[in-house]
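Please work through the exercises below with the sequence and the model open beside you. Each task sentence is followed by a solution that goes step by step.

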Amino acid sequence: MAVFIKNDEQISFMRTASKICARTHELLATHIKPGITTDELCAIADDFIRSNDCKPSFLGYRGFPKSICTSVNDEVIHGVPGLRKLMSGDIISIDIGVCFKRFHGDAARTYACGSIKETHKQLIDVTKQSFFESLKCCTEENRLHDISNAIDDYVKPFGFGIVSEWCGHGVGRQVHEDPQIPHTRQEKRGPRLRRGMTLAIEPMINVGTEEIYMLDDTWTVLTRDGEYSAHYENTVLITDGEPEILTI
Ligand code: MG
């Protein structure tokens, strides 16, 4: 495992990329309404990212055909934007990667379209809070899998399924780099966290089973039982004190 510790200049590039990533989310949030297509959301994001002298990290990444990922309802991650129109009651997870001077910031949020079921509101809230629970462990005294265990401990009592086949990851020089960050309980505490590490922690939580499958498009990951799924992710910098969320 090769974990890249970032220097101050590299962190400053990541800070810029991550800020634009966060602003793109804020912009898209204002457009999530019944009738808009996922392709339209993608175009708005792409334009905004490029107008800020950045590039969308995901376009062309391992052949991904679009600039952001849009995963609706039972789609967990890696949904490909297209002609699908959002309807009231839908939830949509949007994952955005932004690149500035070859450094990346990565963040995902799940949004409600119109009025949604109470269960889905709770799903979105629990997913977000599980990230913030794990953030408490993001200090140099702690180890990588303390992050995983904090998410698992928080989510399990709600009875939701935690996706284990897809993990968080190091981010910065690449969209995905070491270390892999599981979101479910691990036996060992893993490697120690060190200042200068930049981690994308991204719990994916399902109303029902944690089991998933992939669509024939070889991208879209869905829940096996058709229940809805939520996603929350930020790029986090480990420091000598409190962690810093770069994508906020
Ligand atoms: Mg992401």
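The exercises that follow concern a predicted model, and they go from a metal site to helix pairs and then to single residues.

**Exercise 1. The magnesium ion**

Task: Find which protein donors the magnesium ion has, and state how they are spaced along the chain.

Solution: Begin at the ion and list the protein atoms that serve as donors, which are Asp95 (OD), entered twice, together with Asp106 (OD) and Glu233 (OE), at 2.1 to 2.6 Å from the magnesium ion. Next, read these donors in sequence order, where they follow the spacing D-x10-D-x126-E. Then place the two aspartates: aspartate 95 belongs to strand 4 (residues 91-100) and aspartate 106 to strand 5 (residues 103-112), so the pair ties together parts that are 11 residues apart in sequence. Finally, look at how covered they are, and note that aspartate 95 and aspartate 106 are both buried.

**Exercise 2. Helix 3 against helix 4**

Task: Describe how the axes of helix 3 and helix 4 are arranged, and which residues meet between the two helices.

Solution: First take the geometry, in which the axes of helix 3 (residues 118-135) and helix 4 (residues 144-155) come within 8 Å and cross at roughly 140°. Angles over 145 degrees would count as roughly antiparallel. Helix 3 and helix 4 are therefore oblique to each other. The crossing of helix 3 past helix 4 is right-handed. Now list the contact: helix 3 contributes Val126, Gln129, Ser130, Glu133 and Ser134, and these meet Ile147, Ala150, Ile151, Tyr154 and Val155 of helix 4. Sorted by class, the contact of helix 3 with helix 4 has six nonpolar, three polar and one charged residues.

**Exercise 3. The surroundings of helix 4**

Task: Work out how many residues of helix 4 are buried, and what covers them.

Solution: Count the buried positions, and you find 10 of the 12 residues of helix 4, so that the helix is mostly covered. Among them are Leu144, His145, Asp146, Ile147 and Val155. Then look for the covering elements, which include helix 3, strand 6 (161-162), strand 8 (177-181), strand 9 (198-201) and strand 10 (204-206).

**Exercise 4. Helix 1 against helix 2**

Task: Describe the packing of helix 1 and helix 2, and give the classes of the residues in their contact.

Solution: Start with the axes of helix 1 (residues 8-29) and helix 2, which lie 10 Å apart, while the helices pack at an angle of about 140°. Helix 1 passes helix 2 in a crossing that is right-handed. On the side of helix 1 the contact is made by Ile20, Arg23, Thr24, Leu27 and Leu28, which meet Leu41, Ile44, Ala45, Phe48 and Ile49 in helix 2. The residues of this contact divide into eight nonpolar, one polar and one charged.

**Exercise 5. Backbone details**

Task: Say where aspartate 53 and lysine 101 lie, and identify which two residues a cis peptide bond joins.

Solution: Take aspartate 53 to begin with, in the loop between helix 2 (38-51) and strand 1 (55-56), where its phi is near 60°, a positive value in a residue other than glycine. To count as exposed, a residue needs over 50% relative accessible area. Aspartate 53 has 66% relative accessibility and therefore counts as exposed. Lysine 101 lies in the loop between strand 4 and strand 5, and its phi, near 50°, is likewise positive in a residue other than glycine. With a relative accessible area of 52%, lysine 101 is exposed. For the last part, the cis peptide bond joins aspartate 178 and proline 179, with omega at about 0°, and proline 179 is found in strand 8.

**Exercise 6. Leucine 199 and its contacts**

Task: Decide whether leucine 199 is buried or exposed, and find which residues are in contact with it beyond its neighbours within four places in sequence.

Solution: Locate leucine 199 in strand 9. Its relative accessible area is 1%, and therefore leucine 199 is buried. Leaving aside neighbours within four places in sequence, the residues in contact with leucine 199 include Leu144, Ile147, Gly170, Pro179 and Val236. To finish, compare sequence with space for one of these partners: leucine 199 and glycine 170 are 29 residues apart along the chain, and their C-alpha atoms are separated by 4.4 Å.

Key:
Residues numbered from 1 in each chain as written. Predicted model: local features only at pLDDT ≥ 70, side-chain atom pairs only at ≥ 80, totals over all residues. Heavy atoms only, no water. Axes fitted to C-alpha atoms, helices over the stretch in contact; angles between N-to-C directions. Helix = DSSP H or I, 4+ residues; strand = E, 2+ residues; numbered from the N terminus. Parallel < 35°, antiparallel > 145°, perpendicular 65-115°, else oblique. Left-handed = near helix turned anticlockwise from the far one by under 90°. Contact = heavy atoms within 4.5 Å. Nonpolar A, V, L, I, M, F, W, Y, C, P; charged D, E, K, R; others polar. Donors = N, O, S within 2.8 Å, 3.2 Å for Na, K, Ca; no water. Buried < 20%, exposed > 50% of the residue type's maximum accessible area, 1.4 Å probe, protein only.
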